[in-house]
Amino acid sequence: MAPHLKWPWLGVAIPSALISFIAYNAHYFVLKHFLSSTRQWIFECSVSMIWISYLLAILSNPGKPTLKKPGSSNRKFCKKCNNWKPERSHHCKTCNQCVLMMDHHCPWTLNCVGFGNFPHFIRFLAWIIISTSQLNWYFIKRILLIWKLRNDINNASFQRSEFIFLTILTPLNLFIWCTISMLLIRCLNNQILNGRTQIESWEMDRLESLYYHKKLVPILIDQIWKTYPQEVTPEKKKEAEIFLQKYERRRIGFESIVNFPYDVDLITNWNQVLGPILFTLLPWSKPQGDGTLFIKNDISKYEKNSPIDDLMLSLSWPPDGGRRQFDVKSGIEQSIVDGEFVIRRRSNSIASSSDFNDKPIQTISRNQWENQWGEQLKDFGVDIDEE
């Protein structure tokens, strides 16, 4: 979870101070004493790429919708922007705009990370790892040499300042390398391996929670009738009833009812968020598309008269509609008891079963749910009033 800083400007000041302190003290007090000019230039070039990527991540707009028409039935209207939000977009409370493919609001850039600047953000992390990896290697080699010559240290060409800064910079540099590596791995795991933003990964965790508490399928069935009214037939209602009974007996797997439509394959996922692989580390590389429409996998395609589980897999993301409250029109009743949402499926609901008729099911709203890290939707910078 991103920290909330009392003075937001510290979000930029702290990383800038750390980069400057490590990079330039390492160069002046350590590297210049034993490293060749060519390798010193290589190191300084990688540091320069850190600054360029960081500056672009701060100054580049993360992507602002320009649509004035909905384009598709699943898009939502943002009252604060007075515009339609494309798929995967959210309104950022801090930036005060809707952000295309919003990943999160980053306090370390004073900016959102979204479609427009996600490549710059990833390059910033990658160049930090490249630079700190060089320093780790040089520091270790230098420390081993000093240890080897420890008995003749007075005759060796070592300066006192070099000992001091090696002692300070080595653990600090290693710490930065470890923390940024973990952050980069998390980002790449979400976006490249799974095709998801951090918000969408949070959403997937929320859906899994609903699944394991036996609350998801009734909501998805309700969403099917709402999205595909042409599928509301006596035969399909009966199929939904049987499917729900199987789900309540835990005979239906999570992956068989929930599909993340934007996870296509590694190459497509990479191109959609980072641009061509060969140019990923270059500052002018841009992602594929315009941030309003994305390639979807084949599983997400709707085909009429498909089985009920295939219809679930074809629902738009998130498949439960991302609703704060449950729809009462299809046999799901809602009330509030002691400040909590209480859901009751009516006995005549097309999505109910005899085992659960009139049995209250407690749940909380989407905006209040938190994952295992204690993160709520608002912690990613999303303006929950516009969800």
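In helix H1, the buried residues are Gly 11, Pro 15, Ser 16, Ile 19, Ile 22, Ala 23, Asn 25, Ala 26 and His 27. The model is a predicted one. The cover over these buried residues includes helix H2 (37–59), H3 and helix H4 (160–193). H1 itself runs over residues 10–29. Its 20 residues should span 28 Å at 1.5 Å a residue, and the end C-alpha atoms lie 27 Å apart, so the two values agree.

The chain as a whole gives the setting. Its secondary structure comes to nine helices and nine strands. The chain has 387 residues, and 50% of them count as buried. Among contacts with a separation of 6 or more, 67% join residues 24 or more positions apart.

Nonpolar residues come next. In soluble globular proteins, nonpolar side chains tend to be buried together. The largest nonpolar core of this model has 68 residues. Those with the most contacts inside this core are Leu 216, Val 217, Ile 224, Ile 257, Val 258, Ile 308 and Met 312. Helix H3 (residues 118–148) supplies the largest share of the core, twelve residues. A second core is separate and has ten residues, including Cys 112, Trp 202, Leu 377 and Val 382.

Val 258 shows the contacts of one core residue in detail. Leaving aside residues up to four places away in sequence, Val 258 touches Met 204, Leu 207, Leu 216, Leu 220, Leu 313, Trp 317 and Pro 319. Leu 216 is thus listed twice: as a partner of Val 258, and among the residues with the most contacts inside the core.

Helix H3 also holds Ser 131. This serine has 4% relative accessibility. Buried means under 20%, so Ser 131 counts as buried. Residues up to four places away in sequence are again not counted, and Ser 131 then touches Phe 43, Ser 46, Val 47 and Ile 50.

Helix H7 (residues 234–248) has 15 residues. From its first C-alpha to its last, H7 reaches 21 Å, close to the 21 Å expected at 1.5 Å a residue. The buried residues of H7 are Lys 236, Ala 240, Glu 241, Phe 243, Leu 244, Tyr 247 and Glu 248. An α-helix has 3.6 residues a turn, so residues three or four places apart point the same way. Gln 245 also belongs to H7. At 26% relative accessibility, Gln 245 counts as partly exposed, because that class lies between 20% and 50%. Gln 245 and Val 217 are 28 residues apart in sequence, and their C-alpha atoms are 10.0 Å apart in space. Arg 250 follows H7, and its phi is positive, near 60°.

The last feature is internal space. A search of the whole structure finds two cavities of 30 Å³ or more. The second largest has a volume of about 40 Å³. Arg 88, Gln 191, Gly 195, Tyr 262, Asn 269, Gln 272 and Val 273 line this second largest cavity. Three residues of the lining come from helix H8 (residues 266–274), and this is the largest share. By type, the lining of the second largest cavity divides into two nonpolar residues, four polar and one charged.

Definitions and conventions:
Residues are numbered from 1 along each chain as its sequence is written. This is a predicted model: local features need pLDDT of at least 70, side-chain atom pairs count only at pLDDT 80 or more; totals for chains, interfaces and linings use all residues. Side-chain values use heavy atoms; hydrogens and water are left out. On a 1 Å grid over the protein atoms alone, a cavity is a set of points where a 1.4 Å probe fits but cannot get out, and a pocket is an open set with protein on both sides within 12 Å along at least five of seven lines; lining residues have an atom within 4 Å of a point. Grid points are joined across faces, edges and corners, and a volume is the space filled by probe spheres set on the points. Helices (H or I, at least four residues) and strands (E, at least two) are DSSP runs, numbered from the N terminus. Ala, Val, Leu, Ile, Met, Phe, Trp, Tyr, Cys and Pro count as nonpolar, Asp, Glu, Lys and Arg as charged, and the others, Gly among them, as polar. The expected span of a helix is 1.5 Å times one less than its number of residues. Buried means under 20% relative accessible area, exposed over 50%, partly exposed in between (1.4 Å probe, protein chains only). A nonpolar core is a set of buried Ala, Val, Leu, Ile, Met, Phe, Trp, Tyr and Cys residues joined through side-chain atoms within 4.5 Å. Contact means heavy atoms within 4.5 Å.
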